[in-house]
Amino acid sequence: MTVKMFGQFPKPDLPDWIEYTRGASQAETVEIYNWCQVFLCSTIKEGYGLTGIEAMSCGACLVSTDYDGVKEYAVDGYNALLSPVGDIQAQVDNVVRLFDDMDLRNKISQNGIKSTDKYSWDEAMRKFNEAIGVSVLKK
């Protein structure tokens, strides 16, 4: 098994079976998302959590902590498997469940893709403009 990680910090001391990409480009990030079957997000507190929804849109099953931002797009048991913040064993159990149950893995993956179809830059800008009171007419 191979684990791929990415981030902005220098590569930590990791076992040989973990590949680490520092400062991944957009293309490298998409390649990682498309490669993985399960995307693990163990954040304690974060805003929207863009990496989780990006991974879902590429077909990866999201296993995440149940922090506030993920609730914007992830539904436990439908398009993601969520666990309480700080409960490492629950996250491990969720990853194992996905690898042990191909039907569950396929369901979470397909529902994740479907769930992310409604998100687009156009829709985000429409909502943003609406929130700040700007009227934008379509051409």
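Leu50 is partly exposed in the predicted model, with a relative accessibility of 46%. This residue is placed in helix H2, which covers residues 50–57. A separation of 39 residues in sequence lies between Leu50 and Lys11, and their C-alpha atoms are 22 Å apart in space.

The loop that follows, between H2 and strand E4 (61–65), contains Cys58. With a relative accessibility of 25%, Cys58 is classed as partly exposed, because the range for that class begins at 20%. Apart from neighbours within four places in sequence, Cys58 contacts Tyr33 and Asn34. Ile32 lies 26 residues from Cys58 in sequence, at a C-alpha to C-alpha distance of 9.4 Å.

Helix H4 comprises residues 102–116 and includes Gln110. The relative accessible area of Gln110 is 46%, and the residue is partly exposed. Although 51 residues separate Gln110 from Gly59 in sequence, the two C-alpha atoms are 6.8 Å apart in space.

The overall architecture was examined next. The secondary structure of the protein consists of five helices and five strands. Read from the N terminus, these elements follow the order β-β-α-β-α-β-β-α-α-α. The C-alpha trace spans about 55 × 35 × 25 Å along its principal axes. Of the 139 residues in the protein, 34% are buried. Among contacts with a separation of 6 or more, 38% are made by residues 24 or more positions apart. The exposed area of the protein is about 9400 Å², of which carbon and sulfur atoms supply 55%.

With regard to charge, the protein carries 14 positive and 20 negative side chains. The centres of these two sets are 7 Å apart. Side chains of opposite charge can pair when their charged atoms come close. Three salt bridges are present in the structure.

One of these salt bridges joins the side chains of Glu19 and Lys4, with an N to O distance of 3.9 Å. The pair connects distant parts of the chain, since Glu19 belongs to strand E2 (residues 18–22) and Lys4 to strand E1 (residues 3–7), 15 residues apart. Glu19 has a relative accessible area of 41% and is partly exposed. Lys4 is likewise partly exposed, at 27% relative accessibility. The Glu19–Lys4 distance of 3.9 Å qualifies as a salt bridge because the cut-off between nitrogen and carboxyl oxygen is 4 Å.

A further salt bridge is formed by Asp68 and Lys71, whose closest N and O atoms are 3.9 Å apart. Asp68 is exposed, its relative accessible area being 61%. For Lys71 the relative accessible area is 48%, and this residue is partly exposed. The two partners therefore fall into separate classes, because 61% for Asp68 and 48% for Lys71 lie on either side of the 50% limit for exposed residues.

Arg126 and Glu130 also form a salt bridge, in which the closest N and O atoms are 3.0 Å apart. Both residues are located in helix H5 (residues 121–132), where they are four residues apart, about one turn of the helix. Arg126 is partly exposed, with a relative accessible area of 41%, whereas Glu130 is exposed at 56% relative accessibility.

Helix H5 itself contains 12 residues. The distance from the first C-alpha of H5 to its last is 16 Å, close to the 16 Å expected at 1.5 Å a residue. Gly133 follows H5 and has a positive phi, near 80 degrees.

Attention then turned to the loop between E1 and E2, in which Gln8 is placed. Gln8 is exposed, with a relative accessible area of 57%. When residues up to four places away in sequence are not counted, Gln8 touches Tyr20, Arg22 and Gly23. Ser120 is 112 residues from Gln8 in sequence, and the distance between their C-alpha atoms is 25 Å.

Notes:
Residues are numbered from 1 along each chain as its sequence is written. This is a predicted model: local features need pLDDT of at least 70, side-chain atom pairs count only at pLDDT 80 or more; totals for chains, interfaces and linings use all residues. Side-chain values use heavy atoms; hydrogens and water are left out. Helices (H or I, at least four residues) and strands (E, at least two) are DSSP runs, numbered from the N terminus. Buried means under 20% relative accessible area, exposed over 50%, partly exposed in between (1.4 Å probe, protein chains only). Contact means heavy atoms within 4.5 Å. Accessible areas come from the Shrake-Rupley method with a 1.4 Å probe; for residues, only the protein chains shown count as cover. Lys and Arg count as positive and Asp and Glu as negative; His and the chain ends are not counted. The place of a charge is taken as NZ of Lys, CZ of Arg, CG of Asp or CD of Glu. The expected span of a helix is 1.5 Å times one less than its number of residues.
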